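Me: I would like to learn how to read a model of this kind, starting from the whole chain and ending with its details. Could you take me through it step by step?

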Amino acid sequence: MEQLSIGIDLGGTYIKAGVITNQGKAIRQWKIPTEGQQGGPAVVRRMSDLVAEILESPEVASKRDSVVGVGIGSPGLVDQRAGTITRPVNIPNWEDAVPIKKIFEERHGLPTQADNDANACGLGEACFGAGRGKSVVVALTLGTGVGGAIVVDGKVFHGSRGYAGELGHTCVDPEGPPCACGGIGCVEGYASANAIARYATELVAQGRHKSYLVDWSRDGTPITSKMVYEAAVKQDPLALRVIARAGRYLGVAVSNFCVALNPEVVVIGGGASAMGDLLFDHIRREMEMRVYFSPYYTTEVCRAQLGEDAGFTGAACLALTVR
Ligand SMILES: [Zn+2]
């Protein structure tokens with residue numbers, strides 16, 4: 001029987017939503033501004049009003065009995081058991097835990113699940129993206145930070161207290177730089193899109209290198225990971241060095257995930273994943289060197305497939321029975 005689920009991706013700028021079938025098809029999508037400055041309760045009300053609008057839309061109203069639930073992917077601290085969201089990053093004036101599960105269930109009468117955005121994206125990829133059909137999927141999102149998720153048999157692995165899968169905060173250098181999480185030498189400090197841009201900026205500032213990045217930033221334009229990629233495609237030595245370093249540290253972390261979890265696939269998404277094999281080949285090389293039982297031959301490293309839709313697709317999967 002066809003199931004429909006409403007997935008909501010709470011972002012700092014936009015709230016995106018989609019109605020997803022249990023075959024992974026989006027029957028319609030919505031996008032509204034978050035208006036985060038109004039504070040947590042107001043944002044939750046906007047999300048809830050959006051759910052009401054979705055349920056009344058012609059595509060969904062005619063299939064109302066097929067709607068099995070609502071899933072929400074959010075930044076910040078998400079207690080998926082209590083169904084609360086606290087301090088989402090990029091949304092100011094949201095300090096207290098908001099009981100979003102209770103609020104939605106009382107108003108809409110639909111089972112509601114909330115999880116952090118990286119877990120939602122990973123679940124989306126595992127169910128309907130690059131990890132489709134695989135039993136153990138590790139997902140990484142290379143953005144401002146490095147988000148992570150562990151998905152086993154179509155379910156996010158949460159650990160004992162709900163905080164498993166914070167893979168970006170795996171240590172890859174005990175003498176590395178301090179991280180905002182309180183840790184030292186986290187892989188996020190080397191392999192996020194921000195870290196890639198920062199290291200390229202440092203090398204350019206040394207003034208000793210010839211590089212497209214030197215030319216492109218001469219007028220004060222800040223260097224981005226996208227610029228590093230564009231230079232690397234032109235075989236720019238400095239850009240290639242920056243990517244090699246990010247890939248090496250990422251490869252150390254991924255090797256550790258392989259030893260611990262023996263996943264079938266490591267799915268890499270987020271802005272910096274556009275580098276594709278330029279970055280992934282460094283990861284594969286580290287895995288080949290470091291993982292003694294050579295899951296290099298069985299663990300694939302591949303690019304996420306759902307792009308911008310991963311957030312709401314994965315959120316919808318929180319409420320679906322996918323397998
Ligand atoms: Zn950290």
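The dialogue below goes through the overall form, the domains, the core and one sheet.

Me: What should I know about the model and its numbering before I start?

Reply: This is a predicted model, in which local features need pLDDT of at least 70 and side-chain atom pairs count only at pLDDT 80 or more, while totals for chains, interfaces and linings use all residues. Residues are numbered from 1 along each chain as its sequence is written.

Me: How many helices and strands are in the chain?

Reply: Helices (H or I, at least four residues) and strands (E, at least two) are DSSP runs, numbered from the N terminus. The chain has 11 helices and 12 strands.

Me: Which domains does the assignment give?

Reply: Domain bounds come from an automatic or database domain assignment. Here domain 1 covers 4–126 + 309–317, and domain 2 covers 133–304. Their centres, taken over C-alpha atoms, are separated by 28 Å. Two residues are in contact if their C-beta atoms, placed from the backbone, lie within 7 Å, and the contact between the domains takes 13 residues from domain 1 and 16 residues from domain 2. On the side of domain 1 that touches domain 2, helix α4 (residues 117–128) provides the largest share, eight residues.

Me: Where does the largest nonpolar core lie?

Reply: A residue is buried if 20 or more other C-beta atoms, placed from the backbone, lie within 10 Å of its own, and a nonpolar core is a set of buried Ala, Val, Leu, Ile, Met, Phe, Trp, Tyr and Cys residues joined through C-beta atoms within 7 Å. The largest such core has 95 residues, and those with the most contacts inside it are I8, I196, A200, V228 and A246. Helix α9 (residues 237–261) gives the most to this core, with 12 residues. Domain 1 and domain 2 both give residues to this core, so the core lies between them. Leaving aside residues up to four places away in sequence, A200 touches L213, I223, V228, A239 and V242. Over the chain, buried residues make up 47% of the 323 residues.

Me: What is the strand order in the open sheet of five strands?

Reply: Two strands pair if DSSP finds at least two bridges between them. The order is β10-β9-β8-β11-β12, with mixed pairing, and the edge strands, each pairing on one side only, are β10 (155–156) and β12 (300–303). Strand β11 (residues 265–269) runs parallel to β12 and is joined to β12 by four bridges; I268 has R303 in β12 as its bridge partner.

Technical notes. A residue is buried if 20 or more other C-beta atoms lie within 10 Å of its own, exposed if 12 or fewer, and partly exposed in between; C-beta atoms are placed from the backbone.
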